Amino acid sequence: MTTERRYDIDWLRVIAIGLLLIYHIAIIFQPWAMFIGFIRSEHALEGLWKPMNMLNVWRIPLLFFVSGMGLYFAMKKRNWKQLFIERGKRILLPFVFGILAITPLHFLVFQKYYNMPLSYFPHMGHLWFLGNIFVYVVVLSPVFYYLKTNKNGKLKKVISKVMTYALGPLSISAFFMLEVGVVKPQLFEMYAQTWHGFFIGFLAFFFGYLFVYSGKAFWQTVSKWKWLYIGLASILFLIRFTRFESISNMYITTIESNAWILGLFGIGYRYLNKPSALLSYLSAAVYPVYIIHMFVLYIGALFILPLDLHPMLQFIGITVFTFIVCFLIYEFILTKVVILRPLFGLKWKFTSHEKKVKLSSKPVESN
C-alpha cells in the first residue's frame with residue numbers, strides 16, 4: 001500500500017529537534033544549569049533565555065504531536081503485530097541501548113569537567129522522550145485501531161466537523177488545562193521524567209493522531225487561520241514575558257502552547273509540504289543526531305568553555321561544534337557501521353552480497 005508522504009510534518013520534526021539542540025546549549029549559559037545536570041559556564045548569558053522562554057512551552061509538545069501524526073501513517077500499512085515490532089526496533093531498542101551506552105557518556109564528561117571521580121551509571125537522560133512514546137504506542141494502539149476500522153463512522157464525522165472551525169483545533173486546550181489542574185506541575189516547561197511531561201505528551205500524542213485522522217478539515221483550518229493562531233500565541237507570550245502573574249498562569253499557557261503549534265502546522269502545510277533532497281537527508285539523520293547530541297555538546301563545552309572568549313562566541317562555538325560533530329558521527333560512523341544502525345533507529349543496511357542472497361532466496365512468482 002502506498003501512502004502520501006507529508007513533507008511538512010517531516011520538516012517540523014527536523015526543525016523541532018534542531019531547536020532542541022540550541023535550547024540545550026543555551027542552558028549551559030544559565031546560572032541554574034548545574035541544578036539540572038548541565039555543565040555551567042562561569043559567564044552567564046541570561047538574555048539568551050528570553051527567546052528560549054518562548055520556545056519552552058511548545059518545543060516538546062510539538063514533538064509529541066508530530067509523533068502521534070507519524071503513528072497514523074505507520075498504522076496505514078501495518079497490523080498491530082507489525083506495528084509493535086517496527087516501533088520496538090525503532091524506538092525501544094535505541095531507548096534501551098541509549099540508557100546503557102549513550103547517556104552515561106555525557107555524565108562522564110560532566111564528571112571530567114568538574115574533576116569528579118569518574119563513575120558509570122545507566123540513566124534515561126534526554127532519552128526519556130523515547131520511553132514515553134513507546135508507552136503511548138502500546139496504550140493507545142487499541143483505540144487507534146478501533147478508529148481506523150471505523151474511519152467512516154459518526155465519530156470521524158463529528159471530529160471532522162469540529163475541525164472546520166477556527167476554535168475547533170484550539171478547543172483541545174481544555175484537556176491540557178485539566179492536566180495542569182490535576183497534576184499541578186511546578187513549571188509548565190518541566191517535562192523531562194515528570195508526570196506532567198508524561199500526561200501532556202500523552203495528550204499531544206493522542207490529539208496529533210486525531211488531527212490527521214480527521215482528514216483535510218484540520219489542515220485546511222490551520223492553513224486558513226495560521227496567523228490568527230500565531231498572533232494569539234504572541235500576545236499570550238508577551239503577557240507571560242511581562243510577568244503579569246494575575247493574568248498569565250499555566251492554564252493560559254496551555255492555550256499559548258497549542259496556538260504556537262497550530263500556527264506552525266498551518267505554516268508548514270502551506271509552505272513546507274514539498275519534497276527536497278535536503279529534507280530527505282535531514283529526516284533520516286535527525287533521530288540519530290537527537291540520540292547522540294548531549295554527549296557531543298558536553299564535549300564541546302569541555303574544550304570551548306575554558307577558552308578566553310566572549311560568552312556569546314563560546315555559545316556560537318559550542319553550537320557549531322555540536323551540529324558539525326553530530327553530523328560527522330552520523331555520516332561516517334552510524335550510517336557506515338552496519339551493527340550500529342538499528343541501535344540508533346536507522347534501518348538495517350544490507351551489503352551488495354547480502355542483497356543478492358536475500359533476493360535469490362525469494363520464491364519466483366508466476367504470471
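**Helices, loops and confidence in the predicted model**

Just after helix α8, K184 takes a positive phi of about 55 degrees. That is worth a pause, since K184 is not a glycine. Most residues other than glycine have a negative phi. In this predicted model, K184 sits in the loop between α8 and α9, and with a relative accessible area of 64% it is exposed. Q193 belongs to that loop between α8 and α9 too. Here again phi is positive in a residue other than glycine, with a value near 55 degrees. Q193 counts as partly exposed, at 43% relative accessibility.

On one side of this loop is α8, which covers residues 173-183. Its buried residues are S173, F176, E179, V180 and G181. As for what they pack against, the partners are α3 (59-75), α7 (167-170), α9 and α12. An α-helix has 3.6 residues a turn, so residues three or four places apart point the same way. Among the buried positions of α8 are F176 and V180, as well as S173.

On the other side of the loop comes α9, a helix of 19 residues running from 195 to 213. From first C-alpha to last it reaches 27 Å, close to the 27 Å expected at 1.5 Å a residue. Of its 19 residues, 15 are buried, so α9 is largely enclosed by the rest of the structure. Just after α9 there is another positive phi, this time at G215, with a value of about 95 degrees.

Next up is α10, residues 216-224, which holds S223. S223 counts as buried because its relative accessibility, 14%, is under the 20% cut-off. Setting aside neighbours within four places in sequence, S223 touches G266, Y269 and R270. These three contacts fall in the stretch of α12, which spans residues 250-271.

Helix α12 also has a partner in α11 (residues 226-241): the two axes come within 8 Å and cross at roughly 145 degrees. The crossing of α11 and α12 is left-handed. As for the make-up of this contact, its residues divide into 15 nonpolar, four polar and four charged.

Two leucines elsewhere give a sense of how sequence separation and distance in space can play out. L19 is part of helix α1, residues 7-27. With 24% relative accessibility, L19 is classed as partly exposed. Beyond its neighbours within four places in sequence, L19 is in contact with L55 and W58. The C-alpha atoms of L19 and R59 are separated by 7.7 Å, although the two residues are 40 apart along the chain. L309, for its part, lies in the loop between α13 (277-304) and α14 (311-334), and is partly exposed with a relative accessible area of 35%. From L309 to N273 is 36 residues along the chain, and their C-alpha atoms are separated by 41 Å.

How far can all this be trusted? The protein chain averages a pLDDT of 91, and 93% of the residues score at least 70. The stretch to watch is residues 351-367, where pLDDT stays under 50. For that stretch the model has three contacts beyond four places in sequence. Where pLDDT is low, the predicted coordinates should not be read in detail.

Key
Residues numbered from 1 in each chain as written. Predicted model: local features only at pLDDT ≥ 70, side-chain atom pairs only at ≥ 80, totals over all residues. Heavy atoms only, no water. pLDDT = per-residue confidence, 0-100. Contact = heavy atoms within 4.5 Å. Helix = DSSP H or I, 4+ residues; strand = E, 2+ residues; numbered from the N terminus. Expected span 1.5 Å × (residues − 1). Buried < 20%, exposed > 50% of the residue type's maximum accessible area, 1.4 Å probe, protein only. Axes fitted to C-alpha atoms, helices over the stretch in contact; angles between N-to-C directions. Left-handed = near helix turned anticlockwise from the far one by under 90°. Nonpolar A, V, L, I, M, F, W, Y, C, P; charged D, E, K, R; others polar.
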